[in-house]
Every structure is written in structure tokens, then in C-alpha cells.
Amino acid sequence: MKRERVINKYVLLYMLLLCLPLLMGQAGSILFDSVVLLLYLGRKSNKYWKDTFFLITPIAIAFFIGLSRHFPVYDIFKDIFYLLTPILTLMLGEIWARKFSSRSLLQLFLKLGIVFSVINILVLLFQYGPQVFIDPRAIRDEVDSYYSVNSIALISFAIAFFAKVYGKTIPHTNLALFVNLIAFYLSGSRSFYLVVMIYSFIILLPLMRRNMKKFVVLTGICISLVIALIAFFPSSSIIELFLNSGEEMAIQEYTSMADVNKNYRGYEAFCALADYAALPTFNQIFGGGCGQLVDLGELSPFEFQYIPILHNGYPYFLIKMGVFGMIIFFLFFVRKFILLLSKFIHTQKKKELKGEYTLIAIASIIAILIMHFSVNAIFNFGYNSPLLFLAATLYYYRTNHWKSHGRISNHC
């Protein structure tokens, strides 16, 4: 009971911290970065810095390139804070892992997801009424500031789903599954829909070896729910959303404003790649630097022509940090994926299942790389919560924290 009260206290504290960038914009992001740095300074963190030093390298290069190209100082430092977002998020994940036992941290993630999802549902009901349940994507497309769910609900859902599938006892799992799934649906976000399916599938995978019958049944239930959604909402724009996803993200020639409005994200990436191709060879390798903007040209659908941020995070890598920066970040995630996969295979052979962390962390890497195509997830604070869980998992493995707090499989 005492541990439960402590967790509830930190739920409120960390919820406030996570809300800073969402509520205060750029100022909130700067405040968030400052708080995380203050929390992290003074700790024995040599291993962390060795682990992420090469992530800082392309950012530092981009900073000096921006200065050398005489971009406005405000634009340079705004980009620096944006590019540092994943590193600060990884820091926060390690801070949480240092603060909580492995079991308690699962409860913290679970409760944070519940709280954010409940707020999300209530806000949308208050703003748009019950009709938001009919076609959330249509309403999202009609308004400029549609309130979506914070991505920490993805981790909350994954923990609850794992607990139900493998019979683990974690408080509030039923509530977490219920409210998080409703919040995902109301988000109207194809990224969330796809990533929820990825987390579910990866969590179910070990059942193929351990209990094939249960795997088939649960996979069938998940597929049936998707089919039921399609059948129940046959005219819903959610269905069209998936069918048109490839076309909307396609990078192609644009000759009219109608083409741009139909496929803005693809147009945005097209302009970024055109600007990237026009850069000197040095800048194609190391990026245009902090402060580099993307020219949307005469077909810009806005009152302004130049933008600092893209939805598709891969052209964003190229335009800011070049091929070098994109490879460095990609290698970071590939290395962590291979490490976690090998850890999971090893624990499976020894009949030990640290699945809450290992499987969810593996799914988080896949999720963040997929979402990066559409919402610049690695650098977008609203979508990069999987990095929090990844950092915590890596810390527990690095310090063998499992033993000091008991094996997860024996306590959950």
C-alpha cells in the first residue's frame, strides 16, 4: 500500500513534467529539457554518455554548420532543442529506472497511460460530443487543434496486454486496456492504429512456441476486432485512411494546389528532398545544419513559404544532419534491436521471461521507426514515449537491476 501511494505521487509529478512541451510549446520544451538535465546532472552516468555520445555528434556538427552558414541564432537554437529531444527522453527513461524497481516502473507507466487517456477521452467528449465516436478522423481533419492521445498510452496498453496474455498480476490492467484502446480509436491517427497492432503482434509471438492454441485464438480475436470495426463503420474515413495511406505519403511531382492539398505530407517531403539535392556535397553528407529551412515554393498551402520541421522524419534527417546523421541514428536503433533480441532469445532458452521489458522494448524500436515516417516520432515529444521505456530496459539490463528487485516473471 505504501509503494502504491509513492507511485501515485510520482504519477502526478511526472505527468506534469510530460505535459510541459504539450501545454507550453517551445517554452515548455526548453523547460522540460532543463528539468531533465538538472535531474540527471551529478549522477554517475558515464555509461549513458558513452552509449549516446555518437547521437550527439551529428547534432553538434549540425549546430556548427548552422553557425557557419549564418542562419538566424533563434532558428539554430530552436533546432538544437528539437534535435536533442530523443537524447533528453532517453535520459528521463534512465532517471525513472534509477528511481523505481522494475515492477514499480511498470505500474508507473501503466497509470500514466490511464491518466493521459482518460483526459484525452473527456476533452474530446467535451469539445465534440458523442459524435466523436462515430468518425474521429473526420472531425480531426476538420479542426486545426484536435487533441490526440500522448504516446505513453502505447506503453501502458502494451504492459496491460502482456499481463492479460501471460497471466501476470498487475493492478488496473483491465482499466488500462479499456481506456487506452478508446483513446487510440478517438485519436483518429493511423500511426497509433498501426503501432497498437505491432505491439500486440510482437507480444503474442512467444505464444507460437509456448502455447500455439492460445496464440491462434488471441490472434484471431485481434483480427476479428479489426474486421468488426470495418463492418460497423463501413463509411468511416478510418477505413479510407488506411487505404489511402500509401498515396498520401507518396513523394512525386506536384503541378497544382489540388495535388498539394491531397497529399501535403508527400509534397513536404518532396520539397525537402529537392532542397537537399541542391546542397553542396559536404552538406549532403553532414546536413544543411541547424536553422536550415525547407522551401515549399509557390504551391505552399500556407501564408508562409519556409518551414523548419517535417512530418516525415527521414527527409528531416537529411536536410538537418545529412546522410551521416541519419546513419548514426539508424545504427543506434539497429544495435539496440539486436541487443534486445539476443537478450530475449537467451532468457527464453533459460525459461526466464523478462517479457514485460524485452518484448515491449523491441516493439518500441519498431514502432518509433515506423512512426518516424509520418510524425517525425524520434524528435516529436508527443510520439517518442517508447524511448522512455527503451532507456529503462537498457538500464536494467546494463546494471543487472532485475536481481536487486526480483525477477519480473516471479513478481508480476
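**Note on the predicted model: helices, core and cavities**

1. Helix α7 is largely enclosed by the rest of the structure, because 14 of its 15 residues are buried. This description, like those that follow, rests on a predicted model. From its first C-alpha to its last, α7 reaches 22 Å, close to the 21 Å expected at 1.5 Å a residue. Gly 167 follows the helix and has a positive phi, near 70 degrees.

2. As to the chain as a whole, it holds 21 helices and 2 strands. Of its 412 residues, 54% are buried. When contacts between residues at least 6 apart in sequence are considered, 76% of them join residues at least 24 apart.

3. The largest nonpolar core has 126 residues, and Trp 96 and Leu 112 touch the most other members. The greatest contribution to this core comes from helix α7 (residues 152-166), which gives 13 residues. Leu 112 is in contact with Trp 96 and with Ile 152, and also with Val 11, Tyr 14, Met 15 and Leu 18, when neighbours within four places in sequence are left aside.

4. The loop between α6 and α7 contains Val 149. Is this residue, Val 149, buried or exposed? Val 149 has a relative accessible area of 3%, and it counts as buried because that value is under 20%. Its contacts, apart from neighbours within four places in sequence, are Ser 117, Asn 120, Ala 183, Phe 184, Ser 187 and Phe 192. For one of these partners, Ala 183, the separation from Val 149 is 34 residues in sequence, while the C-alpha to C-alpha distance is 6.2 Å.

5. Helix α19 (residues 386-399) may be considered next. Its 14 residues should span 20 Å at 1.5 Å a residue, and the end C-alpha atoms are indeed 20 Å apart. Because 12 of the 14 residues are buried, α19 is largely enclosed by the rest of the structure. The buried residues are Pro 386, Leu 387, Leu 388, Phe 389, Leu 390, Ala 391, Ala 392, Thr 393, Leu 394, Tyr 395, Tyr 396 and Tyr 397. After α19 comes Asn 400, with a positive phi near 55 degrees.

6. Helix α15 (residues 264-277) also has 14 residues; the distance from its first C-alpha to its last is 20 Å, close to the 20 Å expected at 1.5 Å a residue. Buried residues in α15 are Tyr 264, Gly 266, Tyr 267, Glu 268, Ala 269, Cys 271, Ala 272, Asp 275 and Tyr 276. Charged side chains are thus represented in this list by Glu 268 and Asp 275.

7. Internal space remains to be described. How many cavities of 30 Å³ or more does the model contain? The count comes to 3. The second largest cavity encloses about 50 Å³. Its lining is formed by Arg 137, Arg 140, Ser 189, Arg 190, Ser 191, Arg 265, Ser 374, Val 375 and Tyr 383. Two or more lining residues come from each of α6 (136-142), α9 (190-204) and α18 (355-375).

8. Which classes of residue make up the lining of the second largest cavity? By class, there are 4 charged, 3 polar and 2 nonpolar residues. The charged residues are Arg 137, Arg 140, Arg 190 and Arg 265. Val 375 and Tyr 383 are the nonpolar residues, and Ser 189, Ser 191 and Ser 374 are the polar ones.

Technical notes. Residues numbered from 1 in each chain as written. Predicted model: local features only at pLDDT ≥ 70, side-chain atom pairs only at ≥ 80, totals over all residues. Heavy atoms only, no water. 1 Å grid on protein atoms, 1.4 Å probe; cavity = no way out; pocket = protein on both sides within 12 Å on 5 of 7 lines; lining within 4 Å. Points joined across faces, edges and corners; volume = space filled by probe spheres on them. Helix = DSSP H or I, 4+ residues; strand = E, 2+ residues; numbered from the N terminus. Core = buried A, V, L, I, M, F, W, Y, C linked by side-chain atoms within 4.5 Å. Buried < 20%, exposed > 50% of the residue type's maximum accessible area, 1.4 Å probe, protein only. Contact = heavy atoms within 4.5 Å. Expected span 1.5 Å × (residues − 1).
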